[in-house]
Amino acid sequence: MSSFVPIDGNAIVYCEGGFANTYGKTAHGLVRFTRRYRVRAVVDSTVAGGDSGQFLDGRPNGIPIVATIDEALQVAESSGAPATHLVFGLAPDGGRLPDFARGDLLTALRSGLNVDAGLHEFLSEDPEFAAAARESGVVIRDVRRGPPRDQLHAFTGKIEQVTSKIIAVLGTDSAIGKRTTAVRLVQAFDAAGIRAELIGTGQTSWLQGVRYCIIEDALVSDFMAGEIEHAVWSAWEAERPDAIVIEGQGSLMNPAYPGGFELLAAGRPDVVVMQHAPGRKEYDGFPGYPLHDLPTQIRAVELISGRPVVSLTLKHEGISREDIPAACAAMSAETGLPVADPIHGDLGPILDLVEKLHAEEAQA
């Protein structure tokens with residue numbers, strides 16, 4: 001993936017109480033991949049003492065999990081790359097700052113760290129945080145602050161000019177791994193010699209340094225379709241990639257986060273890859289709201305988009321590593337579609353399928 005912003009600095013990722021669950025999905029993304037920062041440590045006292053990659057995926061990445069910000073500062077200093085940023089790695093419900101985090105963020109600011117946060121609650125407008133930032137000469141960036149309205153784009157139809165193969169990675173729920181799969185898919189395209197660009201659609205993608213990125217839930221709804229179209233068109237106009245992969249948001253049938261409608265309508269994908277967690281029975285964070293079954297969700301996507309769901313990807317939540325092949329086989333038997341695990345498996349079959357469809361379309 002060639003089109004990324006330059007490195008901003010050395011980061012500590014704050015994820016207190018969240019690295020072992022879905023509230024830590026921003027931190028998960030950053031320790032797996034980011035081109036905006038060099039991540040030096042993760043702060044979460046509840047699981048401190050190990051390697052974040054080993055804890056998350058069973059693969060060491062050299063980024064330790066520590067108990068405090070002070071300890072993280074020491075780790076970064078001893079590595080020869082002192083920390084310059086603290087990135088808020090939690091994704092709490094409603095995007096509000098948890099009370100327990102206030103003291104830690106003040107510690108970070110008073111220690112001379114710039115703070116980047118993707119909350120709906122803008123930290124730069126908090127008098128105490130703003131004063132601490134001024135005294136230390138650092139900057140608070142509220143990533144979820146929407147663009148000025150005079151810079152927003154309306155839908156025009158220019159998406160029809162795009163000749164790259166467009167793949168949307170949607171999912172059956174929120175916090176189900178769509179962004180990680182989109183990143184892995186682009187990396188797999190690149191490794192296969194297929195030029196690909198990623199369209200980020202959330203604050204974590206921005207924090208990962210994706211250049212062609214919008215933050216959907218920071219937009220005025222009237223302009224969401226236009227911003228999606230403009231991001232896809234801009235990536236195509238500047239890069240002329242073979243493939244463009246769009247990161248999905250929420251899920252079509254999620255009661256609180258029904259993302260995906262605008263991505264299908266305005267992004268105009270040629271095909272859809274669907275992420276699913278077979279071990280999940282209820283919508284994330286909403287007990288009593290059973291997850292719609294996988295075939296129903298596939299039919300909904302295909303009905304709305306008029307495009308096929310060509311493959312499924314697995315989130316192995318609640319599934320042991322040795323049981324992943326059986327889980328993939330069960331999903332494939334239920335739907336008749338190929339299934340891949342983007343973390344422990346091989347995305348090659350998805351690439352092969354997309355390329356086959358592209359070749360068939362060119363011959364038609």
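Two strands are taken to pair if DSSP finds at least two bridges between them. In the predicted model examined here, this criterion yields an open sheet of six strands, arranged in the order β3-β2-β1-β4-β5-β6 with parallel pairing. The edges of this sheet are formed by β3 (65-66) and β6, each of which pairs on one side only. At the β3 edge, strand β2 (residues 37-43) runs parallel to β3 and is joined to it by two bridges. Within this pair, Val43 of β2 is placed opposite Val66 in β3. Helix α1 (residues 25-32) packs on the sheet, where it touches β1 (9-14), β2 and β4 (85-88). The direction of α1 makes about 135 degrees with that of β2.

Strand β7 (residues 165-171) was examined for its pairing and its burial. On the one hand, β7 pairs with strand β9 (residues 243-247) in the parallel sense, over five bridges; here Ala168 lies opposite Ile246 in β9. On the other hand, five bridges also connect β7 to strand β10 (residues 271-276), again in a parallel arrangement, and Val169 is found opposite Val273 in β10. In general, strands of a sheet pair through backbone hydrogen bonds, in either a parallel or an antiparallel manner.

The side chains of a regular strand alternate between the two faces of the sheet. In β7, both faces are covered. Lys165, Ile167, Val169 and Gly171 are buried on one side, and Ile166, Ala168 and Leu170 are buried on the other. The cut-off applied for burial is a relative accessible area under 20%. Because seven of the seven residues of β7 are buried, this strand is largely enclosed by the rest of the structure.

Empty space was also considered. Rolling a probe the size of a water molecule over the atoms shows where such space is left. The second largest pocket contains about 400 Å³ of space. Its lining comprises 23 residues, of which Pro147, Cys213, Ile214, Ile215 and Glu227 are the closest to the pocket centre. Among the contributing elements, β6 (140-142) and α8 (224-239) each supply at least two residues of the lining. The largest share, four residues, is provided by α8. By residue class, the lining of the second largest pocket divides into 12 nonpolar, five polar and six charged residues. Strand β6 thus appears in two contexts, as an edge strand of the six-stranded open sheet and as a contributor to the lining of this pocket.

Key:
Residues numbered from 1 in each chain as written. Predicted model: local features only at pLDDT ≥ 70, side-chain atom pairs only at ≥ 80, totals over all residues. Heavy atoms only, no water. Buried < 20%, exposed > 50% of the residue type's maximum accessible area, 1.4 Å probe, protein only. 1 Å grid on protein atoms, 1.4 Å probe; cavity = no way out; pocket = protein on both sides within 12 Å on 5 of 7 lines; lining within 4 Å. Points joined across faces, edges and corners; volume = space filled by probe spheres on them. Nonpolar A, V, L, I, M, F, W, Y, C, P; charged D, E, K, R; others polar. Contact = heavy atoms within 4.5 Å. Axes fitted to C-alpha atoms, helices over the stretch in contact; angles between N-to-C directions.
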